[in-house]
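Reader: Before any term is accepted, I should like to see the grounds on which it is applied. Please set each value against its definition.

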Amino acid sequence: MGFRVGIIGAGTMGQVHSRAWRRMPDIELIGVYDIDATRASRIAADSGVTAFSSFEELVNTVDIVDVCVPTPFHAEYAIFALEADKDVVCEKPMGRTLEECDRMIAAAEASGKTLMPAQVLRFFPEFQSTHDLIRKGAIGAPAVVRTHRGGGFPRGVNNWFADFAQSGGVSLDILIHDFDWLRWTLGDVERVYAKTRHTDGIHEDDYVLATLRFKSGAIAHVEGTWMDAAGYYTSIEAAGDNGLIHYDSRETAPLRVARRRHDSSSGAGIHSESPVSADPYYLELRHFVDCLTAGVAPMITPEDGRAAVAIGLAALESSRIGKSVSL
Amino acid sequence: MSRKNEKDKTLSVRIGILSFAHMHAASYAGSLPHIPGATLVGIADEDRDRATRMATQFGTTAYPSYEALLADVDAVVICSENVHHRRLTELAAKAQKHVLCEKPLATTLEDADAMIAICAENGVKLFTAFPCRFHPAYKRLKAATQEGAIGQIIGANTTNQGQCPGGWFIDKKMSGGGAAIDHTVHVTDLLRDMMGAEPVEVYAELTNGMAHSDYDDCALITITFDNGVFATLDASWSRPKSFWTWGNVKIALTGTEGVASMDMFAQNHVVFSDVAERPSLHNWGDNMDLEMIQAFVDAVAGTQDLNAPVSLATGEDGRAAARVALAAYRAAETGQPVTL
């Protein structure tokens, strides 16, 4: 049994997803819709699929709708697709507000169709493996966990990441990954305290230090940045009552290439890489399709997507009011 | 140090160590032979066996009482359990001896204030043992930030994680707390010194998730400074027994124009020995304790370099750092930040 897929949104994630979909033999990538017809045409031409000028038409032509538009537009498209009886995979963060998440959850329930928030970090081998080790008891009961994510500022379509009203800044847009991973690994969050450089407005510089307390009694420190001139990296340190796990992407890249520069005595561009044969985005979308085929719920539920958004919004709220926020 | 050599003939600063309860005493005692013009006169300890053992190890005299030792010295280093800092400082001050007190300065602000007051009344100097100020990596970080290397500092992500030291450190009647009171003060002092700023608000999540006992061993503290900078400090005793070193002191700064990070004890060899049970780190970096003890000897002799880029932490500095640790306990109780 095959599925026909349509992608809404032809930005960075739309392109990443289109590459993954095209590698699946049981998937027919039908087309792409974007409010910017030129952008949709470009990605459609690259993928050999149709650029739709009407998202309604695209939705009605497919089985699966893949929502890859900026955050505040997720609910509108996801709900339209669910109401049209389509299964939906939706980019992270699930929504810009909890109210949007709730409406999406209600639409999924009413339709009986599947809605999976694309928390892709769960399919990154280093994060999956750390999760598995912790859950298997490698460090005993988790006590204090630290994560880092970030680098420079990401310039998206129309620079929408800079607009906190759309992206929610570092707290919502990139730390959503760690919030979901931490919750997946440690359980529900009880309270959040955070300091952020900004809580609203339009900024290309954001920096966040958040402290989470979990219902299990574990605590976590989460750092996120768009201000790291030294470059992007991620790290995890998890200490439990019987051990410690450490991961830092700067230390685990097995490949490093530096090209000699003849015009300067100093610093050539250094490229380091941590290649894995299975693309996490492919694994994520494959999981979604496999669940549809088997008629089971994906490992990432709509409630998981909402819970991660709730943590990110609590971080913003905490920083705004200068108090801890209980969930 | 050539400056000191000239004075060797005339200057001899006589130092005593009151109590070896805190293991840093051994490092301080070991530093003194390397400082021209300074003499370790003796050791006094309520644990008489320990006094004898340490006196033998460091080639000095075990005194039968604190009072007897105080009669023979110009200054003392106090390395007792935290709760005894006040009593021993009062003894020393009344004997007109200068004091370098192990951190945390005190377990209550009342004690810290009393220590500062009695030293002032008796005209003796009171210093807090914050050797990290003297580490060259910190001095470079301080200089770089003051030169504007990363613009205006926005935030600091810091750690002073370690292994649980056990012993009296986990007896709250002796230590005043757990990991938070033990490991909050060093980095708090560095941030104050580096930025010339004062903490105004403290938040903390404390747990006993490592040992599940009656003391905190996991501590995530957030400190807001009066210059607007926010900092977090992981003061947890979260290094397992199998870890390859005791712990760390790390500061990662994010500024408007860049980032800077310091891993104070990164200058290590990794040693894999089939004799040991696990790999270990062997640090080849500078001995910051030696520099701090040198500064203390200079301060007692009145020969300190007033233009040095870093100076000994005073009693007030010790109080300011302890105040943050104490506020962390109050914040953890209420689940909300505490205003200082």
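Author: The exchange below concerns backbone geometry and exposure at a few residues. This is a predicted model, in which local features need pLDDT of at least 70, side-chain atom pairs count only at pLDDT 80 or more, and totals for chains, interfaces and linings use all residues. Residues are numbered from 1 along each chain as its sequence is written, chains are lettered from A and ligands numbered from 1 in the order in which they are written, and side-chain values use heavy atoms, with hydrogens and water left out.

Reader: Why is Asp85(A) called partly exposed?

Author: Buried means under 20% relative accessible area, exposed over 50%, and partly exposed in between (1.4 Å probe, protein chains only). Asp85(A) has a relative accessible area of 47%, and is therefore partly exposed.

Reader: What is the phi of Asp85(A), and where is the residue found?

Author: The phi is near 70°, a positive value in a residue other than glycine. Asp85(A) is found in the loop between helix H4 (74–83) and E5 of chain A; helices (H or I, at least four residues) and strands (E, at least two) are DSSP runs, numbered from the N terminus.

Reader: What makes Asn159(A) partly exposed?

Author: Its relative accessible area is 22%, so Asn159(A) is classed as partly exposed. Asn159(A) is not a glycine, yet has a positive phi of about 50°, and lies in the loop between strand E7 (142–150) and helix H7 (164–167) of chain A.

Reader: What is the omega of the cis peptide bond from Lys92(A) to Pro93(A)?

Author: For this cis bond, omega is near -20°. Pro93(A) lies in the loop between strand E5 (87–91) and helix H5 (98–111) of chain A.
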